[in-house]
Amino acid sequence: MKHAVVAGGPDPVDVRLGARLAALRAERGWSLGEVAERSGVSKSTLSRAERAEISPTAALLNRLCGVYGRTMSQLLSEVESEPALLVRAAEQPVWQDRASGFVRRSVSPPHPGLRGELVEGRLAPGADIAYDRPPVPGLEQHIWVLAGALDVTAQETGHHLAAGDCLRLRVWGSTRFRCAGPDEARYVLAVVLP
């Protein structure tokens, strides 16, 4: 389902996400300073994200997922209702990083007992997302481009993917996803935990 921003108020998903991030920090007994040190994100940004004063970017969530040992889909599923075995297209959670032009649809519901998940990604022309590290070291990713073109850089090796191309990698370091345009890049990301 798409999450609309309520006029004059924070996005309800951002509110639930902020509460979950605060709960994860509290479960570990960590201060904002400790999470800032572990993630490289400032205390003020962490505090604002926990209070839903900002909508977290994909890069910010990726860093926090690394700190808390989760994939982004796992974290996002924790703020949604219990995952079902069948998720109709209209019910698949959609999350947007408005700052970068990235739209992420959780196609298959992540589940703690399963190692794989499918995600649909859409990058607007000119969108450029960089992750400094994977949320889980050694994460396996299969990136299948459905439409447009996508430039993926993993551990300083660049790959240009056109519609129909599929790139398989294990992620240990930094990655970058870029859509040079002129059309939107639409792709399937299969994520497999190590």
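Visitor: Which side chains meet in a salt bridge at 2.8 Å, N to O?

Guide: The general idea is that a Lys or Arg side-chain nitrogen sits within 4 Å of an Asp or Glu carboxyl oxygen. Here, in what is a predicted model, the pair is Arg63 and Asp132, with 2.8 Å from N to O.

Visitor: Where do Arg63 and Asp132 lie?

Guide: Arg63 is in helix H4, residues 58-68, while Asp132 belongs to the loop between strand S4 (128-131) and strand S5 (139-147). The two parts are 69 residues apart in sequence, so this salt bridge ties them together.

Visitor: And is Arg63 buried or exposed?

Guide: Buried means under 20% relative accessible area and exposed means over 50%. Arg63 comes out at 23%, so it is partly exposed. Asp132, at 34%, is partly exposed too.

Visitor: Which residues do shared partners join into one network?

Guide: Look for Arg105, Glu120, Arg122, Glu184 and Arg186; salt bridges with partners in common link them up.

Visitor: How many salt bridges does the count come to?

Guide: The count is 12. Among them is Glu53 with Arg48, at 3.7 Å from N to O. Glu53 has a relative accessible area of 44%, so it is partly exposed, and Arg48 is partly exposed at 39%.

Visitor: What about Arg28 and Glu27, how do their side chains meet?

Guide: Those two form a salt bridge as well, at 3.8 Å from N to O. Arg28 is partly exposed, with 31% relative accessible area, whereas Glu27 reaches 53% and counts as exposed.

Terms used: Residues numbered from 1 in each chain as written. Predicted model: local features only at pLDDT ≥ 70, side-chain atom pairs only at ≥ 80, totals over all residues. Heavy atoms only, no water. Buried < 20%, exposed > 50% of the residue type's maximum accessible area, 1.4 Å probe, protein only. Helix = DSSP H or I, 4+ residues; strand = E, 2+ residues; numbered from the N terminus.
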